[in-house]
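Student: Hi, could you walk me through this one? I'd like to talk about the packing.

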Amino acid sequence: RPPSNMETRLSVAIITLNEERNLAECLASVAFADEVVVVDGGSRDRSCEIARAAGARVIEAPDWQGFGVQKNRAIDACSGDWVLSIDADERVPPELRAEIQAALDNSVFDVYEMPRSSYYCGRFMRHSGWWPDYVRRLFRRGTARFSAAPVHESLQTDRNVGRLRTPLEHWSFRTMEDVLDKVNRYSSLSAPTVLQRGRRPTIMTAILHGVSAFVRTYFLRRGFLDGSHGFMLAVSNAEGSYYSYIKAMLLEQQPRD
């Protein structure tokens, strides 16, 4: 496929781990790119097969060291002048594609952020801290890298950041089973980070952090305006925070046991 712009090539960087349900739609939404790189963390499903069938270059990297490290591996494998980093459960709608291409043709900034619209159990959320949820994802190669955080990584740069208007679609939680699965996985990934902060986790700190997460989501970030879904999201955020500290407490106790 010839480059969309003879002077500017766009690479898309994606990391996967058992993403066969999401990956085909994600890849279809970025088919306009000149290159798609998929770094797979050891999928046991058809993720790699789907990626290769769509024309992506697949790099297998099962030695998982966290989201930030894995995303940087994908960036390093890209050859384009610009990189768009997205997750397998995200989609680039046609309006955002046009805005990205316009930004590359007349780039005022080296890094761009865009709003993200996230799906939760049947609807896209409009409050609860989930909108507009600006995320930095498009950047000139060599001007930004992800933090090495094992979870909740962020794109770091010392350049001025431009802003696109069209939202990236984030199909994050299609069902409550997805919510519970992610609460479990992410709280396990976050537990070591809790211990690294140097404060000993207890039942009380777990409860307080859980309550704080609920209040922040439902009241301070106006989750109540999202109706029943806002309440559900506030509860799942509270559970995620609570279990992170409970798992950290149990992890800290293991050597003594």
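Tutor: Happy to; we can go through the nonpolar cores and then a helix pair. Keep in mind that this is a predicted model.

Student: Sounds good. How many residues does the largest nonpolar core have?

Tutor: That core has 31 residues. Leu10, Ile14, Leu84, Ile86, Val92, Ile100 and Leu138 have the most contacts inside it.

Student: And which helices and strands each supply at least two residues of this core?

Tutor: On the helix side, H1 (20-29), H2 (47-53) and H4 (94-105) do. Strands S1 (10-16), S2 (35-40), S4 (82-85), S6 (111-114) and S9 (135-140) do so as well.

Student: Which element gives the most?

Tutor: That would be H4, with 4 residues.

Student: Let's zoom in. What is Ile86 in contact with, leaving aside neighbours within four places in sequence?

Tutor: Its partners are Val12, Ala13, Ile14, Ile15, Cys26, Val30, Val92, Arg137 and Leu168. There is also a second, separate core of 18 residues, with Phe67, Val151, Leu155 and Tyr186 among them.

Student: Okay, new topic: at what angle do H6 and H7 pack?

Tutor: H6 (residues 203-220) and H7 (residues 227-253) pack at about 155°, and their axes are 8 Å apart. Angles over 145 degrees count as roughly antiparallel, so that is how H6 and H7 run relative to each other.

Student: Is the crossing left-handed or right-handed?

Tutor: H6 passes H7 in a right-handed crossing. The contact includes Ala206, Ala213 and Phe214 of H6 and Phe231, Ala238 and Tyr242 of H7.

Student: How do the contact residues divide into nonpolar, polar and charged?

Tutor: Between H6 and H7 there are 15 nonpolar and 7 polar contact residues, and no charged ones.

Note on methods: Residues numbered from 1 in each chain as written. Predicted model: local features only at pLDDT ≥ 70, side-chain atom pairs only at ≥ 80, totals over all residues. Heavy atoms only, no water. Core = buried A, V, L, I, M, F, W, Y, C linked by side-chain atoms within 4.5 Å. Buried < 20%, exposed > 50% of the residue type's maximum accessible area, 1.4 Å probe, protein only. Contact = heavy atoms within 4.5 Å. Axes fitted to C-alpha atoms, helices over the stretch in contact; angles between N-to-C directions. Parallel < 35°, antiparallel > 145°, perpendicular 65-115°, else oblique. Left-handed = near helix turned anticlockwise from the far one by under 90°. Nonpolar A, V, L, I, M, F, W, Y, C, P; charged D, E, K, R; others polar.
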